[in-house]
Amino acid sequence: MGHIPENIIDDILNRVDIVEVISDYIPLKRAGRNFRALCPFHHEKSPSFMVSPDRQIYHCFGCGAGGNVFGFLIQYERLEFREAVEALAKKAGVAIPQQFRRDSPEAGVVSALHAVNELAAKFYENILGSPKGTAAREYLFTRGLTEDSIRSFRIGFAADAWNALITHLRNKNISLAVLEKAGLILSREGGGGYYDRFRNRIIIPVFDIKSKIIAFGARVMPGTGDRNPAKYVNSPETPVYVKRNCLYGLHLAKDAIRDLDFVIVVEGYLDFIIPCQHGVRNIVASSGTSLTQEQARIIKRFTHNVVVVYDGDSAGQMAAVRSLDIFVEEGMQVKVASLPEGYDPDSFVREKGIEAFKILISRAATLFDYKLAILESRFSSRSIEDKARISSEMLGTIGKFSNSILKSEYLKKLGDSLGIDVDSLHAELKKIKGDRPYAEVQPVPAKARAVNPTEQLLMKLMLEESSLVDGIRRRIEPSDFQDERISRIVTALFDFLDHGREVEPSILINHFGDTEIAGLICESAFTHDTEQGNKKEIVDDCIRRLKSKKKDSRKRFLHEEIKNAQKSGNEEKLHQLMREFHALIKEGVV
Ligand SMILES: [Zn+2]
């Protein structure tokens with residue numbers, strides 16, 4: 001799979017209308033040449049979100065969000081760039097050639113596996129509804145599942161037979177190769193044919209985000225523990241099922257997660273199904289105790305706030321807690337709700353009720369407090385060695401914060417609770433391998449980073465009137481812009497013109513894949529209205545100011561250098577600097 005070529009992306013941009021696309025999500029009202037709406041990306045009472053049909057971009061004067069139609073889908077639907085391109089290609093009727101499609105080599109396999117999983121799920125569902133499934137149904141009811149849940153989660157049953165599924169699907173002309181690839185059957189040792197992977201188990205289909213069945217979890221029936229010791233048997237990894245990417249229930253939960261702006265993460269299928277059945281919609285199951293970075297990144301597309309629910313007596317508790325650092329690394333907020341000893345979310349909701357569960361969630365502790373509490377109960381002697389162990393575990397988490405303020409506040413808190421002085425914690429933190437530099441400053445959002453209005457205006461004029469560019473280019477270079485972002489935009493703009501490409505802001509934005517630059521381009525397009533003035537005069541004025549500013553900073557620089565040369569007594573250098581300084585003063589402003 002390669003990158004989708006720019007000409008295809010440009011083609012899609014030319015064919016879709018941003019006003020039409022955004023109207024599918026929020027109501028737009030005409031305002032002169034533009035459209036206006038309440039911003040979907042921040043809370044506001046009067047609309048400051050603008051969409052320009054002429055330039056095919058949007059910009060919010062309230063929060064600084066801005067971009068082209070891809071940017072809107074990325075921001076609103078939390079898509080990856082490629083996914084946004086694919087979605088709009090479909091809408092625009094632009095075909096993305098096979099070799100650039102994500103699933104190109106496996107496209108046939110992928111749909112074959114989805115289809116065979118679907119058939120298998122149907123088969124297991126039917127068995128659960130038949131007399132052979134009676135015991136399994138009874139068991140599911142005792143576990144608190146309703147008929148509705150069984151139907152909507154498409155729960156089934158695999159009979160106690162070696163080849164029920166094989167026979168059924170072979171009769172439908174499904175090849176053994178596909179069944180094996182889907183992980184539904186296994187080959188006998190010594191080459192004596194195949195047998196069903198799932199036997200005498202309750203079958204729980206696993207869906208991807210688009211509601212396609214990609215795998216199965218199979219739970220043992222009670223009372224057969226001696227024959228099948230594993231509580232769960234799951235599908236192996238297949239071309240459609242990559243365990244580390246998988247979050248059970250996300251296809252149902254994604255809208256609620258975005259609306260409520262937080263997600264509850266539980267471990268098992270039933271831990272998900274029971275709360276969900278009681279109306280908790282923003283919940284997913286990790287299907288494992290350790291969360292993966294991929295899972296964290298998928299969640300991040302919908303919310304930055306995570307509450308992980310752990311059983312009070314979770315085995316390998318510390319390992320599970322350590323895995324939560326990945327959320328911190330992704331810049332997300334993570335809290336932990338701990339169930340009383342002996343409960344899992346499923347049994348807790350059934351016995352204590354859904355309100356008690358919601359209260360437990362609302363009282364979740366921060367990762368810091370939770371981890372510290374576990375460590376303090378484990379190393380309780382308060383000996384120097386224990387303190388060192390606790391602090392080294394805690395520093396592992398604190399080191400993952402990229403926000404310096406959080407980092408320093410947590411260090412203080414840790415120092416206070418262990419009675420250790422903060423400076424030595426600082427020193428230890430610096431030693432931790434892979435720690436981000438302590439002084440690192442969080443990137444400031446586009447809105448907060450001021451831009452020089454002269455530079456922005458000049459850039460805007462070039463973006464709007466390509467006829468002005470040649471004249472401007474003869475007089476200044478991209479490096480004459482002090483703002484590194486503008487300098488990059490201008491460089492790209494010159495490059496576009498050199499290659500005979502259009503310089504539409506919406507097209508230029510794709511070139512960067514950087515939300516800050518997109519925001520800046522869009523902000524410029526919507527501000528500094530130059531309709532009235534004489535553009536050539538405005539250009540002259542901007543260039544004059546830029547040059548004079550550049551000269552001022554060069555003068556300041558020379559001034560410093562001259563002082564240094566005087567101090568160090570470097571006569572030759574001093575002479576040379578003085579010459580440059582005087583030349584600069586004599587030279588008139590352009
Ligand atoms: Zn906004």
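Here is a friendly round of questions and answers on this predicted model.

Me: To get our bearings, how many helices and strands does the protein have?
Reply: Happy to start there. The C-alpha atoms fill a box of roughly 100 × 70 × 55 Å along the principal axes, and 33% of the 590 residues count as buried. Within that frame, the protein has 27 helices and 16 strands.

Me: What share of the contacts with a separation of 6 or more comes from residues 24 or more positions apart?
Reply: The count here leaves out pairs with a separation below 6. Among the contacts that remain, residues 24 or more positions apart account for 64%.

Me: How far apart are the centres of domain 1 and domain 5?
Reply: The chain is divided into domain 1 (6–100), domain 2 (105–241), domain 3 (245–364), domain 4 (379–431) and domain 5 (446–580). Taking the centres of domain 1 and domain 5 over C-alpha atoms, the separation is 28 Å.

Me: Which elements give two or more residues to the side of domain 1 that touches domain 5?
Reply: The contact takes 19 residues from domain 1 and 16 residues from domain 5. By class, the domain 1 side has nine nonpolar, eight polar and two charged residues. The elements that give two or more residues to that side are α1 (6–15), β3 (49–52), β4 (57–60), β5 (66–67) and α3 (69–77).

Me: Which strands are at the edges of the open sheet of five strands?
Reply: Follow the order β1-β2-β3-β4-β5, with antiparallel pairing. Inside this sheet, four bridges join β3 to β4, and serine 52 stands opposite isoleucine 57 in β4. An edge strand pairs on one side only, and that description fits β1 (29–31) and β5.

Me: Which helix gives the most to the largest nonpolar core?
Reply: That core has 95 residues, and those with the most contacts inside it are Tyr124, Phe157, Ile203, Phe272, Val284, Val308 and Val309. The helix that gives the most to this core, with eight residues, is α5 (residues 107–129).

Me: Which residues is phenylalanine 157 in contact with, leaving aside its neighbours within four places in sequence?
Reply: Phe157 is one of the residues with the most contacts inside the largest nonpolar core. With the neighbours within four places in sequence set aside, phenylalanine 157 is in contact with Tyr124, Ile127, Leu128, Gly133, Ala136, Ile202 and Ile203.

Me: How many residues are in the second, separate core?
Reply: This one is separate from the core just described, and its members include Leu13, Met50, Phe70 and Leu73. Its residue count is 47.

Me: In β13 and in β14, what are the bridge partners of isoleucine 264?
Reply: Isoleucine 264 belongs to β12 (residues 263–266), where Val263 and Val265 point one way and Ile264 and Val266 the other way, and all are buried. β12 pairs in the parallel sense with strand β13 (residues 283–285) over three bridges, and with β14 in the parallel sense, also over three bridges. In β13 the partner is isoleucine 283, and in β14 the partner is valine 307.

Me: Which residue stands opposite valine 336 in β16?
Reply: Look at β15 (residues 333–338), which is mostly covered, with five of its six residues buried. β15 pairs in the parallel sense with β14 (residues 305–310) over six bridges, and valine 307 stands opposite lysine 335 there. Two bridges join β15 to β16 (residues 365–366), and these strands run antiparallel. Opposite valine 336 in β16 stands alanine 365.

Me: Is phenylalanine 401 buried or exposed?
Reply: Phenylalanine 401 lies in the loop between α18 (384–398) and α19 (404–418). A residue is buried if 20 or more other C-beta atoms lie within 10 Å of its own. Phenylalanine 401 has 23 such atoms within 10 Å, so it is buried.

Me: How far apart in space are phenylalanine 401 and valine 328?
Reply: Not counting residues up to four places away in sequence, phenylalanine 401 touches Val328, Leu406, Lys407 and Tyr410. Valine 328 is 73 residues away from phenylalanine 401 in sequence, yet C-alpha to C-alpha they are apart in space by 5.9 Å.

Me: How far apart are the end C-alpha atoms of helix α27?
Reply: Helix α27 (residues 571–586) is hardly covered, with one buried residue among its 16 residues. At 1.5 Å a residue, those 16 residues should span 22 Å. The model agrees with that expectation, because the end C-alpha atoms are apart by 23 Å.

Key
Residues are numbered from 1 along each chain as its sequence is written. This is a predicted model: local features need pLDDT of at least 70, side-chain atom pairs count only at pLDDT 80 or more; totals for chains, interfaces and linings use all residues. The expected span of a helix is 1.5 Å times one less than its number of residues. A residue is buried if 20 or more other C-beta atoms lie within 10 Å of its own, exposed if 12 or fewer, and partly exposed in between; C-beta atoms are placed from the backbone. Domain bounds come from an automatic or database domain assignment. Two residues are in contact if their C-beta atoms, placed from the backbone, lie within 7 Å. Ala, Val, Leu, Ile, Met, Phe, Trp, Tyr, Cys and Pro count as nonpolar, Asp, Glu, Lys and Arg as charged, and the others, Gly among them, as polar. Two strands pair if DSSP finds at least two bridges between them. A nonpolar core is a set of buried Ala, Val, Leu, Ile, Met, Phe, Trp, Tyr and Cys residues joined through C-beta atoms within 7 Å.
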